[in-house]
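Q: Could you take a close look at one part of this model for me, the sheet and what packs around it? I'd like one connected walk-through rather than a list.

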There are 2 protein chains.
Amino acid sequence: MMTRKKPLILVTNDDGISAPGIRTLIAIMKEIGDVIVVAPDKPQSAMGHAITINNTLYFNKINIDDDVQEEYSCSGTPVDCIKLAVHEILKRKPDLCVSGINHGSNSSINVIYSGTMSAALEAGMEGIPAIGFSLLDYAWDADFESSRSFIKKITLETLKNGLPKGVILNVNIPKLTKDKIKGIKVCRQANARWEETFDKRTNPQGRDYYWLTGEFVNEDKGEDTDEAALENGFISIVPVQYDLTAHHAIKYINDWNI
Amino acid sequence: MMTRKKPLILVTNDDGISAPGIRTLIAIMKEIGDVIVVAPDKPQSAMGHAITINNTLYFNKINIDDDVQEEYSCSGTPVDCIKLAVHEILKRKPDLCVSGINHGSNSSINVIYSGTMSAALEAGMEGIPAIGFSLLDYAWDADFESSRSFIKKITLETLKNGLPKGVILNVNIPKLTKDKIKGIKVCRQANARWEETFDKRTNPQGRDYYWLTGEFVNEDKGEDTDEAALENGFISIVPVQYDLTAHHAIKYINDWNI
């Protein structure tokens, strides 16, 4: 009789290895395959695709809960975690990498700033099918349970079908109870943006300093966007890529006098 | 008689405000318009699109050389510099943002890790035409003079023609003397990658630590790539975008059972 080999799944995030979001994701992935966790030892939100080149990297084998998965906490960024996992920790290339569940949205333009999604993109660059999962709730004690069956379904379909070369999935989940989630929609990234304001304060030494704050503005009224899907109670899947070439602009610039 | 208004140009980089690369870029831009510099107070290479959300931001009005441009050094990342410049420092939206000249390549996949290019992308997201310039020489005393006339020409053409919405230019310059540079080519991003290796060492306390190192691998033999242009002695221009949607993959995933 043939034994069906379990897939090897690499799990990471940007909220840190002890965040409830990644603990839920680990639990879901253990129903599907063999899990190895390599995640930051502290919060690394909004780190984008930063890597550590001017400093040293450390990692520790640890065990956060009583379960048996192999876990490593890493001193670097989410992208560092992927590089360390693939080239130093794992004995073979994983069959899948999942990142998250992020505490907070990575829809539309947030994908650019997101450590969660940058880790998934990095795995994609290494040739590993990769998915980033985010819940539209920034709270530490957010309800991740409602999304479990959807995350499992998307993961199983990804393992079954594979992903086109260079394509990574950005999955965002509305803050709704399971019975209120209407389904899953494949979308394009909404053309939304942050309108920044800086909160100016003065420190005890009399020097001005600033906190970055901002308002999310979506002027993209397309019904095929991730923002539209989420507003209407659907989980959004945006297939994203790390080839940033704006192919449509090549001819335009070729007509310049250069 | 009508007075022709000079364009307002925002200059930034990721190597830090005192790097020779940005000093050359400032000098070139002063031949074209009014220049305001907002750049990191220390090196911020490989910071990608990181932003500072869990810490305070500072900026100082300074004057690095004897010239008269307005300059601010900022405690944050290159992307922070753009946000602070646009929303706190500048009195009006600039007509152009240029980032660089980076000490080292930002061609092909390097665009993803690059603080220089992330600053340019952020400016593009703010609706400002933006260009990142990089020289394929990591040396602090690299020869930036050879590229001056090319940078000026690309900048003037960008100001004259404008850029399509959501498109930013990634310009890379080969390490060649001016007479050896064959011209300028508009390209797509090569599908190249870094093959990482970790240099493992032991610290004085007996704990293992790692340095990220790696080898650049380009298996993309396309003649229309930035890598091909640079290898053949041309300056490469890749139009890039922050809409990461892999539009070609939407139909594929829609056919899944989800």
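A: Let's start in chain B with helix H5 (residues 148-161), which lies across S5, S6, S7, S8 and S11 of chain B and runs at about 170° to S6(B). Keep in mind that this is a predicted model. Helix H4 (residues 115-125) of chain B also runs at about 170° to S6(B), and lies across strand S1 (8-12), strand S5 (96-103), strand S6 (130-135) and S7 of chain B.

What do those helices lie on? In chain B there is an open sheet of nine strands with mixed pairing, and its order reads S3-S4-S2-S1-S5-S6-S7-S11-S8. At the edges you'll find strand S3 (59-62) and strand S8 (183-186) of chain B; each has a single partner strand, so one side of each is left without a neighbour in the sheet. Going from strand to neighbouring strand in this sheet, the turn is 20° on average, direction ignored. Toward the S8 end, strand S7 (residues 167-173) and strand S11 (residues 234-241) of chain B are antiparallel partners, joined over six bridges. To find that pairing by eye, look for B:Leu169, which sits opposite B:Pro239 in S11(B).

Now over to chain A. Here, too, nine strands make an open sheet with mixed pairing, in the order S3-S4-S2-S1-S5-S6-S7-S11-S8. Strand S3 (59-62) and strand S8 (183-186) of chain A are the edge strands, pairing on one side only. Neighbouring strands in this sheet are turned by 20° against each other on average, again with direction ignored. At the S8 edge, S8(A) pairs with S11(A) in the parallel sense over four bridges, and A:Gly183 stands opposite A:Phe234 in S11(A).

Two helices of chain A are worth picking out on this sheet. Helix H2 (residues 78-89) touches strand S1 (8-12), strand S2 (34-40), S3, strand S4 (70-74) and strand S5 (96-103) of chain A, with its direction at about 135° to that of S2(A). Helix H5 (residues 148-161) of chain A touches S5, strand S6 (130-135), strand S7 (167-173), S8 and S11 of chain A, and its direction makes about 170° with that of S6(A).

That brings us to S6(A) itself. How many of the residues of S6(A) are buried? Six of its six, so to speak the full set. In a regular strand, side chains alternate between the two faces of the sheet. In S6(A) both faces are covered: A:Ala130, A:Gly132 and A:Ser134 are buried on one side, and A:Ile131, A:Phe133 and A:Leu135 are buried on the other.

Next, the partners of this strand. S5(A) and S6(A) run parallel and are joined by five bridges; A:Ser99 has A:Gly132 as its bridge partner in S6(A). S6(A) and S7(A) also run parallel, with five bridges between them, and A:Ser134 faces A:Asn172 in S7(A). Between S6(A) and S7(A) the chain passes through H5(A), and this β-α-β crossover is left-handed.

Finally, where do the two chains meet? 60 residues of chain A are in contact with 60 residues of chain B. Strand S11 (residues 234-241) of chain A gives the most to the side of chain A that touches chain B, with five residues. Sorted by class, that side of chain A has 36 nonpolar, 16 polar and eight charged residues. S11(A) is therefore worth a second look, being also the parallel partner of S8(A).

Conventions:
Residues numbered from 1 in each chain as written. Chains lettered and ligands numbered in written order. Predicted model: local features only at pLDDT ≥ 70, side-chain atom pairs only at ≥ 80, totals over all residues. Contact = placed C-beta atoms within 7 Å. Nonpolar A, V, L, I, M, F, W, Y, C, P; charged D, E, K, R; others polar. Pairing = 2+ DSSP bridges. Axes fitted to C-alpha atoms, helices over the stretch in contact; angles between N-to-C directions. Buried ≥ 20, exposed ≤ 12 C-beta atoms within 10 Å, placed from the backbone. Right-handed = clockwise from strand over helix to strand, strands pointing away.
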